[in-house]
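User: Could you take a close look at one part of this model for me, the bigger sheet and what packs around it? Keep it chatty, and walk me through how the pieces connect.

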Amino acid sequence: MSTDTHHQIALTLVPGVGSILIRQLISYCGSAPDVFRSPLARLMKVPGVGEVTARAILKPGSLTEAEQVLSRLEKLGATALFYTDKAYPTRLKTLYDAPALLYFQGTGNLNAPRTIGLVGTRQATDYGRRITSEIVEAVAPLGVHVISGLAYGIDIAAHRASLTHNLPTIGVMASGLDVIYPNVHQRTAGEMLVQGGLLTESRPGTKPDAHLFPARNRIIAGLSDTVVVVEAAAKGGALITAEYANNYHREVFAVPGQLNQAFSAGCNKLIRENKAQIYTSPKDIIEAMNWDQSSASASRTKTAPALPVSITEEESQILALLRQVTDLHVDELSWKSQIPMGRLASLLLTLEFQGFIRSMPGKKYAVVYS
């Protein structure tokens, strides 16, 4: 792996430096190696970086630790994906709280044209497992990739159903790639490496911890075009995933259940509070997402362009950001896209001339092309 990767990993290991601050550092310094080459005074000018954090960046410890991480990744045959990399999931790139760095092991496509998140309780019933299998079987001919969390219950049912129907499936973990949790899912995880893969923001060797699971859930929501909560108690991880999905403007479905069943309470609550559409059959999802059989062959390819070929990667990124929000201020566009203001102004002007966006009062922009 490149020296850039070494420094990118090291950034995530600096105490007090999270994903949002990493983006700020890259924006101001230019690259991960440049961050570590910057003098203390320059680092302290970066918003959010005080003297303590700046000195922590300049200590050699994180770079040494990153070498160990790289060595473990090589043994696993895994890769590190920085948010500026082309292979980094495009669905996550525009999210303000997306991980700056991900670790991936497998053969799957993290930028599949169609994805669905299937989540639910660890204590799944036969009913929940049957519905999960029903959904996977229905979307299999449409080339939809299945995202879940490798946990007991609905999660593992979704992964196993995907393997049965030869559908790629990605397991998002709250631990390092070499720490399969729960351990009894080792065999399934191994099968997923050749028909999907495993993804995490935790470095190798990280054991699952309570605070890592909600963070894992946001990645599941971000990677999914639509999230289906199959079974859930009144509180739990599946509802957290649904909350993130709503915040990310994803479609959310919930499978209704009997009123006296504990693991239907969460789904019924989502429906009652209008935080999820009611699921009655796979047709509900397919119609809402406009996933039809006629275009299934296109969705099975690695690329399914939704934009004219004249659109550059940077322009596509800008349009993706503007599609998420009704309108965005130019400063926020620059921060979220990590495109310098001078370059951004030129790109916005080009997109406006081409009729893809329109300028609005207050230095805001909105998308026209859809």
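**Around the nine-stranded sheet**

Analyst: Let's start with one pair of residues: Val-229 sits opposite Ala-254 of β8. Keep in mind that this is a predicted model.

That pair belongs to a longer match-up. Strand β7 (residues 226-229) and strand β8 (residues 251-254) run parallel and are joined over four bridges. Helix α12 (residues 237-247) packs on the sheet here, touching β3 (115-119) as well as β7 and β8. The direction of α12 makes about 155 degrees with that of β7.

Zoom out and you have an open sheet of nine strands with mixed pairing, in the order β1-β2-β6-β5-β4-β3-β7-β8-β9. At the edges stand β1 (79-82) and β9 (277-278); each has a single partner strand, so one side of each has no neighbour in the sheet.

Now for a residue inside the sheet. Thr-115 is part of strand β3, and with a relative accessible area of 4% it counts as buried, because the cut-off for that is under 20%. What does the side chain of Thr-115 reach at 2.8 Å? It reaches the backbone oxygen of Leu-223. A polar atom of the Thr-115 side chain also lies 2.9 Å from the backbone nitrogen of Asp-225. Setting aside neighbours within four places in sequence, Thr-115 is in contact with several residues, including Arg-91, Val-144, His-145, Ile-147 and Trp-291. Thr-226 is also among its contacts, and residue 226 is where β7 begins.

Back at the edge strand β1, there's a link to a helix. The buried residues of α2 pack against β1, and also against α1 (3-12), α3 (32-37), α4 (40-43), α5 (51-58) and α17 (330-337). Helix α2 (residues 19-29) has eight of its eleven residues buried, so the rest of the structure largely encloses it. Which ones are buried in α2? They are Ser-19, Leu-21, Ile-22, Arg-23, Gln-24, Leu-25, Ile-26 and Cys-29. Right after α2 comes Gly-30, which has a positive phi, near 110 degrees.

For context, there's another sheet too: an open one of three strands, ordered β10-β12-β11 with antiparallel pairing. Its edge strands are β10 (328-329) and β11 (357-360), each pairing on one side only. Helix α16 (residues 313-324) lies across β10, β11 and β12, at about 90 degrees to β12.

Methods: Residues are numbered from 1 along each chain as its sequence is written. This is a predicted model: local features need pLDDT of at least 70, side-chain atom pairs count only at pLDDT 80 or more; totals for chains, interfaces and linings use all residues. Side-chain values use heavy atoms; hydrogens and water are left out. Two strands pair if DSSP finds at least two bridges between them. Helices (H or I, at least four residues) and strands (E, at least two) are DSSP runs, numbered from the N terminus. Contact means heavy atoms within 4.5 Å. Axes are lines fitted to C-alpha atoms, for helices over the stretch in contact, and angles run from 0 to 180 degrees between N-to-C directions. Buried means under 20% relative accessible area, exposed over 50%, partly exposed in between (1.4 Å probe, protein chains only). A polar contact is a pair of N or O atoms within 3.5 Å; within protein, one must be able to donate a hydrogen and the other to accept it, and residues adjacent in sequence count only if both atoms are side-chain atoms.
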